[in-house]
Amino acid sequence: MSNSDKEATSKPWYSVAGFEEDVIISSRLRICRNLSDFMFPQKLQSDEIERIRGLLLEAVNFENDKNINFNFVDVKELSDQGKMILMERNILSVENCDCVFMSENGNFFCRVCETDHVKLAAYQSGLSFQELFEKVYFIDEKMQEKVQYAANFDFGYTNSTLENTGTGLKCSFVCHIPAIVFSNSLEEVAKVVTEHNLQIKSSFQNKYQHDFPIALFEISNEYCQKGTEFDQLAEIISIASFILKTERKIRTKLADNSKTVILNFVKQSYAKGVSSLLLEYNESLSLISALKFGLQCNFITGIEESTLNSLIYKLKQNHLECLTQSYNFEFEKDIQHNRILQIQRLRAVILQEAIEKIQFSC
């Protein structure tokens, strides 16, 4: 594995517990910027990209602040697997970029010369927009001491797409809302979200209709022109609060009025989790979703929300692919030459180790 690939597999941010993590799995904040006197990345020559890389490398070299430490990742030196790992963690996107400056645990990074010259982004578990806002804009201000951004008094920061022009700020959060889904309230909630100029989309779809709903959704702002950064931040925090209150209110009613149905899902999911030898990713998400709901309804004990949330990321395909190549696992004889089944086997083992101490309180 190359040095660049090793950077891709450093301990991630999602293993840390977060605020309001029963509903809000993670928060993300990203800003787009472009340097003055340079065309957008799509029109740049290779020597101009090198120059921008050099300018930004100097700009993120905060020698006097030990709390800010970026590692440099040259995207061209990454293997296909290394790229896929970073894409799974949303550090890379499907768009090409020249390089990435990233923190060791991957919770903060800067993409260089993707669709824009600079994309600063930060992730954190739970509901944490205020912390992310302070961190990203602190870095942004530090960088502006070394480089000059393209901006217009009337339109704000100049970016390669209309939706990013203005503040350049995009906020999003991933939420787990099975009670809203179960009660057929999703359409009503989605209407409130869209009325606030935000969008909601399902992160994953259930493969089998009879499984417990995965119920993971991402909510984000579509455009960066409306209001200031503080207005946009306040709007998404307001919607996150609305989602939290709605999910918890409906969850309490379901726990009281549909206990047998919910408990049946939780027990079936637990039984499948502890007995499965092979698990596809969507299957594991359905099990995690059911167990999270069981924990929130006080039907089970012996596991933390943060443990279940981290499994959403730890059980992804390319993460497990990397583990199988980095360690000598002893797989059953009949799957020793089948990588797909090896991944499914490892996924089942990791899930079982995480849920082995679960106990039912009813």
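Two strands count as paired if DSSP finds at least two bridges between them. Keep that in mind, since this is a predicted model and we'll start with its sheet.

**Exercise 1.** Work out in what order the strands of the open sheet run, and which strands sit at its edges.

*Solution.* Start with the order: 8 strands line up as β2-β3-β4-β5-β1-β8-β10-β9, with antiparallel pairing. Next, look for strands that pair on one side only: those are β2 (71–74) and β9 (198–202), the edge strands. Finally, check the twist: neighbouring strands are turned by 20° against each other on average, direction ignored.

**Exercise 2.** Zoom in on β4 and β5, and find how many bridges join them.

*Solution.* Take β4 (residues 108–112) and β5 (residues 118–125): they pair in the antiparallel sense over 5 bridges. Now pick out one residue, Cys-110, and you'll see Leu-120 of β5 opposite. Then move on to helix α4 (residues 129–143), which packs on the sheet and touches β1, β4, β5 and β8. The direction of α4 makes about 20° with that of β1. Helix α9 (residues 281–296) packs on the sheet too, touching β1, β8 and β10, and its direction makes about 75° with that of β8.

**Exercise 3.** Describe the largest pocket: its space, its lining and the strand that gives the most to that lining.

*Solution.* First, the space is about 980 Å³. Second, 41 residues line this pocket, and Arg-28, Asn-90, Tyr-123, Lys-201 and Glu-218 are the closest to its centre. Third, β1 gives the most to the lining, with 5 residues. Last, sort the lining by class: 14 nonpolar, 13 polar and 14 charged residues.

Methods. Residues are numbered from 1 along each chain as its sequence is written. This is a predicted model: local features need pLDDT of at least 70, side-chain atom pairs count only at pLDDT 80 or more; totals for chains, interfaces and linings use all residues. Side-chain values use heavy atoms; hydrogens and water are left out. Helices (H or I, at least four residues) and strands (E, at least two) are DSSP runs, numbered from the N terminus. Axes are lines fitted to C-alpha atoms, for helices over the stretch in contact, and angles run from 0 to 180 degrees between N-to-C directions. Contact means heavy atoms within 4.5 Å. On a 1 Å grid over the protein atoms alone, a cavity is a set of points where a 1.4 Å probe fits but cannot get out, and a pocket is an open set with protein on both sides within 12 Å along at least five of seven lines; lining residues have an atom within 4 Å of a point. Grid points are joined across faces, edges and corners, and a volume is the space filled by probe spheres set on the points. Ala, Val, Leu, Ile, Met, Phe, Trp, Tyr, Cys and Pro count as nonpolar, Asp, Glu, Lys and Arg as charged, and the others, Gly among them, as polar.
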